Amino acid sequence: MSKVIISTEKAPAAIGTYSQAVKIGTTVYLSGQIPLVPETMAFVSEEFRAQAVQVFKNLSAVCEAAGGELQDMVKVQIYLTDLGNFPIVNEVMAEFFAMPYPARAAIGVKALPKGAQIEIDGVMELPSTN
């Protein structure tokens, strides 16, 4: 199988040597998204909840560009500079996902790109077209 590079203007442009996502067969590997607004490439807000919402919006845009939707994600990794914000992540995630929820990891980190408070990456499995 060959890899297909996924790119959309509805999510922030890559700010390094990576693709927004890579698709192999029906599996899509999504690069980390931080709370940048695609049109301005600036943070949506300094407020944590707004940053979390923007990250899920960015992930949704990449999922759609790959032919799926956020609900098709099977694994997400959430990176937080303050694990005290984890209850807010749960609230926001419940606004974007319905059961069954994807597998998940939450990792506390010292810093994230551009000073973001949250970054999320993950894996999406597209529905088969059989």
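In this predicted model, Tyr29 sits in strand S3, which covers residues 27-33. With a relative accessibility of 44%, Tyr29 falls into the partly exposed class, because that class lies between the buried limit of 20% and the exposed limit of 50%. Tyr29 also belongs to a nonpolar surface patch, together with Met1 and Ile24. Taken together, the three residues offer about 370 Å² of accessible area.

The strands around this patch pair up in a simple way. S2 and S3 run antiparallel and are held by four bridges. Within that pairing, Ile24, one of the patch residues, stands across from Thr27 in S3. The hairpin that S2 and S3 make has two residues between the strands, and here Gly25 adopts a positive phi, near 65 degrees. On to the partner strand S1: residues 3-6 make up S1, and residues 21-24 make up S2. These two strands are antiparallel as well, again with four bridges, and Ile5 lies opposite Val22 of S2. As a reminder for reading such pairings, side chains in a regular strand alternate between the two faces of the sheet.

Moving on to the helix, Gln51 is found in H1, which spans residues 48-65. Despite its polar side chain, Gln51 has a relative accessible area of just 1%, so it counts as buried, the cut-off being 20%. What does the side chain of Gln51 reach at 3.1 Å? The partner is the backbone nitrogen of Gln117. Along the chain, Gln51 and Gln117 are 66 residues apart, yet their C-alpha atoms are separated by 7.4 Å. Setting aside residues up to four places away in sequence, Gln51 touches Ala116, Gln117 and Ile118 on one stretch of the chain, and Pro35 as well as Phe43, Val44, Ser45 and Glu46 elsewhere.

One of those contacts, Val44, is worth a look of its own. Val44 lies in the loop that links strand S5 (42-43) to H1. Its relative accessibility is 33%, so Val44 is partly exposed, whereas Gln51 is buried. Beyond its neighbours within four places in sequence, Val44 is in contact with Ala50, Gln51 and Gln54, and also with Pro35 and Val37. Pro35 thus turns up in the contact lists of both Gln51 and Val44. As for Asp121, it comes 77 residues away from Val44 along the chain, and the C-alpha atoms of the two are separated by 18 Å.

Definitions and conventions
Residues are numbered from 1 along each chain as its sequence is written. This is a predicted model: local features need pLDDT of at least 70, side-chain atom pairs count only at pLDDT 80 or more; totals for chains, interfaces and linings use all residues. Side-chain values use heavy atoms; hydrogens and water are left out. Patches are made of residues with over 30% relative accessible area and no salt bridge: like charges are joined within 9 Å, nonpolar side chains (Val, Leu, Ile, Met, Phe, Trp, Tyr) within 5 Å. Accessible areas come from the Shrake-Rupley method with a 1.4 Å probe; for residues, only the protein chains shown count as cover. A salt bridge is a side-chain nitrogen of Lys or Arg within 4 Å of a carboxyl oxygen of Asp or Glu. Buried means under 20% relative accessible area, exposed over 50%, partly exposed in between (1.4 Å probe, protein chains only). Contact means heavy atoms within 4.5 Å. A polar contact is a pair of N or O atoms within 3.5 Å; within protein, one must be able to donate a hydrogen and the other to accept it, and residues adjacent in sequence count only if both atoms are side-chain atoms. Two strands pair if DSSP finds at least two bridges between them.
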